[in-house]
Amino acid sequence: MTKKMTGDEQFASAVPGNRQEDLLERIEECAWGFTTDPEIEITDVEKRNVLNIEYTGVVTIGGAEHRFHIRSGNNAGTEIL
């Protein structure tokens, strides 16, 4: 399944194309509370309803920290803000 991704072009430049979908899935799983990941820290989650959330956090890629702000759910797919 391919997620609809829109938003920040820094994601595309910071993460190699072949790792983008995997990384986004890992971030999503952490944000929804399904798992934890040593490279991902979710700092804030706001549940809009059962199927939609908005969250912020930090991911470490190649030793560098990158902050993110994402909306996710059935309303608009996955939107990187």
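This report describes a predicted model of one protein chain, moving from its overall plan to a pocket and a single buried residue.

## Overall plan and confidence

The chain contains 2 helices and 5 strands, and when they are followed from the N terminus onward the elements come in the order β-α-α-β-β-β-β. Of the 81 residues in the chain, 31% are buried. Among the contacts between residues at least 6 apart in sequence, 26% join residues that are at least 24 apart.

Confidence in the prediction varies along the chain: the mean pLDDT is 84, and 89% of the residues reach 70 or more. Strand β2 has the highest confidence, at a mean of 94, whereas strand β1 (residues 5-7) has the lowest, at a mean of 48. Over residues 1-6 the pLDDT stays under 50, and for this stretch the model has 15 contacts beyond four places in sequence. Where pLDDT is low, the predicted coordinates should not be read in detail.

## The β2-β3 hairpin

Strand β2 (residues 40-49) and strand β3 (residues 52-61) run antiparallel and are joined by 8 bridges. The two strands form a hairpin, with 2 residues between them. One of the pairings to look for in the structure is that of I42, which stands opposite G57 in β3.

## The largest pocket

The largest pocket holds about 240 Å³ of space. Its lining is made up of 17 residues, and those that lie nearest the centre of the pocket are Q10, F11, H66, R67 and F68. By character, the lining residues divide into 12 nonpolar, 3 polar and 2 charged.

Several elements contribute to this lining, since α1 (9-14), α2 (17-31), β3 and β4 (64-73) each supply at least two residues. Strand β4 gives the most, with 5 residues.

## L23, a buried residue in helix α2

L23 has its place in helix α2. Is this residue, L23, buried or exposed? L23 counts as buried because its relative accessible area is 3%, which is under the 20% cut-off for that term.

Leaving aside residues up to four places away in sequence, L23 touches F11, V15, I40, V59 and I61. One of these partners, I40, is 17 residues away from L23 in sequence, and the C-alpha atoms of the two are 9.5 Å apart in space. Residue F11, which L23 touches, is also among the residues nearest the centre of the largest pocket.

Technical notes: Residues are numbered from 1 along each chain as its sequence is written. This is a predicted model: local features need pLDDT of at least 70, side-chain atom pairs count only at pLDDT 80 or more; totals for chains, interfaces and linings use all residues. Side-chain values use heavy atoms; hydrogens and water are left out. Two strands pair if DSSP finds at least two bridges between them. Helices (H or I, at least four residues) and strands (E, at least two) are DSSP runs, numbered from the N terminus. On a 1 Å grid over the protein atoms alone, a cavity is a set of points where a 1.4 Å probe fits but cannot get out, and a pocket is an open set with protein on both sides within 12 Å along at least five of seven lines; lining residues have an atom within 4 Å of a point. Grid points are joined across faces, edges and corners, and a volume is the space filled by probe spheres set on the points. Ala, Val, Leu, Ile, Met, Phe, Trp, Tyr, Cys and Pro count as nonpolar, Asp, Glu, Lys and Arg as charged, and the others, Gly among them, as polar. pLDDT is the predictor's confidence in each residue, from 0 to 100. Contact means heavy atoms within 4.5 Å. Buried means under 20% relative accessible area, exposed over 50%, partly exposed in between (1.4 Å probe, protein chains only).
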